[in-house]
Amino acid sequence: MTSPQEPPVDSPPVRRFKDPAYVEVAPTLAGLRQRIDTLDEQIVALLAERALCVRDATRFKRDSFQVAAPARQAQVFARVRALAAPHEPAFPGLSDIVESTYRTLVAGYIAGEGEFFAATEPITS
């Protein structure tokens with residue numbers, strides 16, 4: 001019978017992987033959560049940096065079709081799947097997770113870029 005409560009964060013593991021080659025990332029759940037929090041900080045900083053690039057890309061687009069750039073979206077999704085593929089043995093399904101994440105991410109960036117596009121004007125000279 002399982003307990004309907006969160007696991008204690010400073011206790012030793014209660015399960016182990018059957019694979020003898022498995023390498024632990026941290027000795028406690030607290031250590032793992034701290035590492036995840038640090039990674040989240042880095043990921044958010046990188047997403048913010050990517051957002052600035054997306055905003056600046058607005059300057060090069062003539063219309064809303066170019067803002068959406070469906071061919072570029074397809075390239076990005078294929079590229080991130082390929083980047084995730086080498087990590088599949090350690091986490092099966094990671095390519096699907098990464099692509100799904102990027103589809104959501106890109107949709108949000110395109111919505112933001114659409115607003116930035118409305119705040120630009122054509123260069124006429």
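What share of the contacts in the chain with a separation of 6 or more comes from residues 24 or more positions apart? The figure is 54%, and the views below start from the whole chain before turning to single residues. Please keep in mind that this is a predicted model.

**View 1. The whole chain has four helices and zero strands.** Reading from the N terminus, the order of elements is α-α-α-α. Along the principal axes, the C-alpha atoms occupy a box of roughly 70 × 25 × 25 Å. The radius of gyration is 21 Å, whereas a compact globule of 125 residues would come near 14 Å. Of the 125 residues, 12% count as buried.

**View 2. The surface of the chain and its charges.** About 10500 Å² of the chain is exposed, and carbon and sulfur atoms supply 61% of that area. The chain carries 14 positive and 16 negative charges. If you mark the mean position of each set, you will find the two points 5 Å apart.

**View 3. The rings of F17 and Y22 form the one aromatic pair that a search of the whole structure finds.** Their centres are 4.3 Å apart. The planes meet at 35°, so the pair is tilted; the stacked class would need planes under 30 degrees apart, and the edge-to-face class over 60. Are the two partners buried or exposed? F17 counts as exposed because its relative accessibility is 55%, over the 50% cut-off. Y22, at 41%, counts as partly exposed.

**View 4. A68 sits in helix α2 and has contacts with Q73 and I110.** That contact list leaves out residues up to four places away in sequence. A68 has a relative accessibility of 25%, so this alanine counts as partly exposed; a buried residue would have to fall under 20%. Here is a pair to try with your distance tool: A68 and E113 are 45 residues apart in sequence, yet their C-alpha atoms are 8.7 Å apart in space.

**View 5. A69 lies in the loop between α2 and α3.** Helix α2 covers residues 64-68, and helix α3 covers residues 70-84. What is the phi of A69? It is positive, at about 40°, although A69 is not a glycine. For context, most residues other than glycine have a negative phi.

**View 6. S95 is a buried residue of helix α4.** The helix spans residues 94-118. Why does S95 count as buried? Its relative accessibility is 7%, and the class takes in values under 20%, so S95 belongs there. Which residues does S95 touch, once those up to four places away in sequence are set aside? They are R81, A84, A85 and E88.

**View 7. I97 also belongs to helix α4 and is partly exposed.** The relative accessible area of I97 is 41%, so this isoleucine falls between the 20% and 50% limits. To place I97 against A84, follow the C-alpha atoms: the two residues are 13 positions apart in sequence and 9.1 Å apart in space. A84 appears in the previous view too, as one of the residues that S95 touches.

Technical notes
Residues numbered from 1 in each chain as written. Predicted model: local features only at pLDDT ≥ 70, side-chain atom pairs only at ≥ 80, totals over all residues. Heavy atoms only, no water. Helix = DSSP H or I, 4+ residues; strand = E, 2+ residues; numbered from the N terminus. Rg over C-alpha atoms; globule rule 2.2 N^0.38 Å. Buried < 20%, exposed > 50% of the residue type's maximum accessible area, 1.4 Å probe, protein only. Contact = heavy atoms within 4.5 Å. Areas by Shrake-Rupley, 256 points an atom, 1.4 Å probe, with all protein chains shown as cover. Lys, Arg positive; Asp, Glu negative; His and termini not counted. Charge placed at Lys NZ, Arg CZ, Asp CG, Glu CD. Phe/Tyr/Trp six-rings, centres within 6.5 Å; stacked < 30°, edge-to-face > 60°.
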